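Grab your viewer and work through a few short exercises. Try each task before you read its solution.

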Amino acid sequence: MKLVSIMAKVDKDKCIGCKTCEKLCPVLAIQIEDKKAIIDEDACRGCANCADRCPVYAITMVKREEPFTVKVDVKQFPKEAIDEICRKAHVNPEQVLCYCVGTRAEEVAAALLSGAKTPEEVSSMTGMRTGCTIECIQPMLRMVEAAGNKLQPIEGGHQWYGKTITAWELSDEVKDKYKSKGFFFDEDKELLDQIVNLKLEEGQNEK
Ligand code: SF4
Ligand code: SF4
């Protein structure tokens, strides 16, 4: 959930059409037309990434006259369906995945069950990844994939690059190689899965 209270505005006289903003907007709210940035104000989620990175300071963040909240109601879906996506992504449903916005895994799962198929759609629906736009991308990609979607980075965009490998995907060869250097991937993996599974069971017992 995010209260969207600000939005980006472009000064077209200053804009040089470099496309930097278009490439990094986490909700694809910017398009370049006739070498000028056009912002879809309804789609903007107020992250200020475009304003922070425009090389000629052509974008400013302004207060919205009518702030609005984006959120997906977790309760509209069976808990089992939410838990299943979270379990596949190796996260607990109550876990906060985006610290800038405070988005929990369960809300991301609900967005995916509502029809979101891409990280950009999850951002638009929940506000996740509309803060720093960096830290939460990996768990977001895992969640999108866990819901059965194919990850397809946008060509030429900076929104995200591929998924980082996790302990669950490392080959035995790599795990053996690093064991002697103080890495215990299998033990870490087991512990993390235990925490997720214990919490899921706790939730079921409370029902
Ligand atoms: S980053 Fe700035 S200069 Fe470049 S297209 Fe966007 S608004 Fe225009
Ligand atoms: S969501 Fe962020 S990057 Fe996209 S237009 Fe709004 S402020 Fe700019």
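Below are three tasks, each with a worked solution.

This is a predicted model, where local features need pLDDT of at least 70, side-chain atom pairs count only at pLDDT 80 or more, and totals for chains, interfaces and linings use all residues. Residues are numbered from 1 along each chain as its sequence is written, while chains are lettered from A and ligands numbered from 1 in the order in which they are written.

**Exercise 1.** Find which residues come closest to each ligand.

*Solution.* Start by listing residues near the ligand (C-beta, placed from the backbone, within 6 Å).
- Ligand 1 has 14 residues around it, with Cys 15, Cys 18, Thr 20, Cys 21 and Cys 54 the closest.
- Next, sort that shell by class (Ala, Val, Leu, Ile, Met, Phe, Trp, Tyr, Cys and Pro nonpolar; Asp, Glu, Lys and Arg charged; the others, Gly among them, polar): you get 11 nonpolar, 2 polar and 1 charged.
- Ligand 2 also has 14 residues around it, and Ala 8, Cys 25, Cys 44, Cys 47 and Cys 50 come nearest.
- Its shell splits into 10 nonpolar, 3 polar and 1 charged.

**Exercise 2.** Work out how many Å separate the centres of domain 1 and domain 2.

*Solution.* First take the bounds, which come from an automatic or database domain assignment: domain 1 is 2-70 and domain 2 is 165-207. Then compare the centres over C-alpha atoms, and you get 40 Å.

**Exercise 3.** Say which residues make the contact between H4 and H5.

*Solution.* Contact here takes C-beta atoms, placed from the backbone, within 7 Å. On H4, pick Glu 107, Val 108, Ala 111 and Leu 112; on H5, pick Val 122, Met 125 and Thr 126. By class, that's 5 nonpolar, 1 polar and 1 charged.

Notes: Contact = placed C-beta atoms within 7 Å. Helix = DSSP H or I, 4+ residues; strand = E, 2+ residues; numbered from the N terminus.
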